[in-house]
Amino acid sequence: MEVSAPDITPPGPALVGIDVEPEYVLGFPMFVGITIGSVPPGASLMRLPLPSPAALRGAVGIRLWRPGEAEPFFEEAPTAVVDPDLSAPSFRLRAGEVRRLLVEIAELLPDDLAAGEVDGVLLYGAPPHVAASGRGRLRFREPTAAERSLLDELRPEVEAAGSFGRWLRRPPSDPTRLAPPADPGDPLRYLRLMKYLIHGPEELAAVDPARLRVLGGVFAPEACGLAAELQAARDPGAFAGYAQQVKAAYPGLAAWMDAIAAGQSEIAWARSHR
């Protein structure tokens, strides 16, 4: 059978996994774990936009509905441009590979979003090749009095940085006063821990892996990745075996493990440039 050109769909990205928190606190970061694959499965994609916990770089969007309604009430579409001449961060997805990325999407939410439930779809890619997740439920609550006080305390620093994601990269005025998070319910636990690992007074080799126990739920894969970072710093000889365990549990973290093995750890790089 002859297939005409319009019937041929070029390969593109697919969102094959989405992890969200059971509940988000308004005003705080909103972290989502996305796993990117390809359509058709097994296709190799040369240049995909690379968002990070610190910067979305236009690669992620969101569409929101009120529960039970057919038409969305809000949409923020991806705007990424993948162009070698612009030196925009990107990555290659090889045949059969998936890539797990943690993104912070609070900046995409409407300013008047209220506590309660909404349905959401996450969007990823560089137009016109944009992938959409399935529709899922998102829950938001108002911050407690203590959380409001924390937001007020951090507001000048966060506004100066531009976002919570960029705030984690900013050096503290006094690194000796940095403390790792201890509460698994802390809305800032991931950022606090990352800020400690990058800017804290301890060498990576001296950081107790038990500090990672605050990272469960949506952060569980990242906890394993960070444990590998600490393992590589503490016992390079044992790292290879541990990295294989991480890859088996979370195939989407394979690129992270390979980067550590190649001496290209982002945390180690950030520490060397602090």
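The buried residues of helix H1 pack against strand S2 (24-25), strand S11 (136-141), H2 and H3. Buried means under 20% relative accessible area, exposed over 50%, partly exposed in between (1.4 Å probe, protein chains only). Contact means heavy atoms within 4.5 Å. Helices (H or I, at least four residues) and strands (E, at least two) are DSSP runs, numbered from the N terminus.

This is a predicted model, in which local features need pLDDT of at least 70, side-chain atom pairs count only at pLDDT 80 or more, and totals for chains, interfaces and linings use all residues. Residues are numbered from 1 along each chain as its sequence is written, and side-chain values use heavy atoms, with hydrogens and water left out.

## Helix H1

H1 covers residues 145-161. Its buried residues are Glu147, Leu150, Leu151, Leu154, Val158 and Ala161. An α-helix has 3.6 residues a turn, so residues three or four places apart point the same way.

The helix is kinked by about 50° at arginine 155. Proline 156 comes shortly after that point. The bend at a residue is the angle between axes fitted to the seven residues ending there and the seven starting there.

The end-to-end span still agrees with expectation: 17 residues at 1.5 Å a residue should span 24 Å, and the end C-alpha atoms are 24 Å apart. The expected span is 1.5 Å times one less than the number of residues. Glycine 162 follows H1, with a positive phi near 110°.

## Helix H3 and its cover

Helix H3 (residues 189-199) is mostly covered, with 10 of its 11 residues buried. Among them are Arg189, Tyr190, Leu191, Met194 and His199. The cover includes strands S3 and S8. It also includes helix H2 (164-167), helix H4 (220-234) and helix H7 (266-272).

## The open sheet

Three strands form an open sheet in the order S1-S3-S8, with antiparallel pairing. Strand S1 (12-19) and strand S8 (99-104) are the edge strands, each pairing on one side only. Neighbouring strands of this sheet are turned by 35° against each other on average, direction ignored. Axes here are lines fitted to C-alpha atoms, for helices over the stretch in contact, and angles run from 0 to 180 degrees between N-to-C directions.

Strands pair if DSSP finds at least two bridges between them. Strand S3 (residues 31-39) and S8 are joined by six bridges in the antiparallel sense. Glycine 33 stands opposite leucine 102 in S8.

Serine 38 lies in S3. It counts as buried, at 9% relative accessibility. Beyond four places in sequence, serine 38 is in contact with Gly12, Pro13, Ala14, Ala43, Leu45 and Leu93.

## A hairpin

Strand S9 (residues 116-126) and strand S10 (residues 129-132) run antiparallel and are joined by four bridges. They form a hairpin with two residues between them. Tyrosine 124 has alanine 131 in S10 as its bridge partner.

## Helices H4 and H7

Glycine 225 sits in helix H4. It is buried, with a relative accessible area of 0%. Tryptophan 256 is 31 residues away in sequence, yet 7.4 Å away in space, C-alpha to C-alpha. Leaving aside neighbours within four places in sequence, glycine 225 is in contact with Leu253, Trp256, Met257 and Ile260.

Helix H7 holds arginine 271. Arginine 271 is buried, at 11% relative accessible area. Its contacts, leaving aside neighbours within four places in sequence, include Tyr196, Leu197 and Ile198. Gly200, Glu202, Glu203 and Leu204 are also in contact with arginine 271.

Serine 272 is in H7 too. With 53% relative accessibility, serine 272 counts as exposed. Its C-alpha is 9.0 Å from that of isoleucine 198, and the two are 74 residues apart in sequence.

## Serine polar contacts

A polar contact is a pair of N or O atoms within 3.5 Å; within protein, one must be able to donate a hydrogen and the other to accept it, and residues adjacent in sequence count only if both atoms are side-chain atoms. The table lists side-chain to backbone cases.

| Side chain | Backbone oxygen | Distance |
|---|---|---|
| Serine 38 | Proline 40 | 3.3 Å |
| Serine 38 | Alanine 43 | 3.2 Å |
| Serine 272 | Tryptophan 269 | 2.7 Å |
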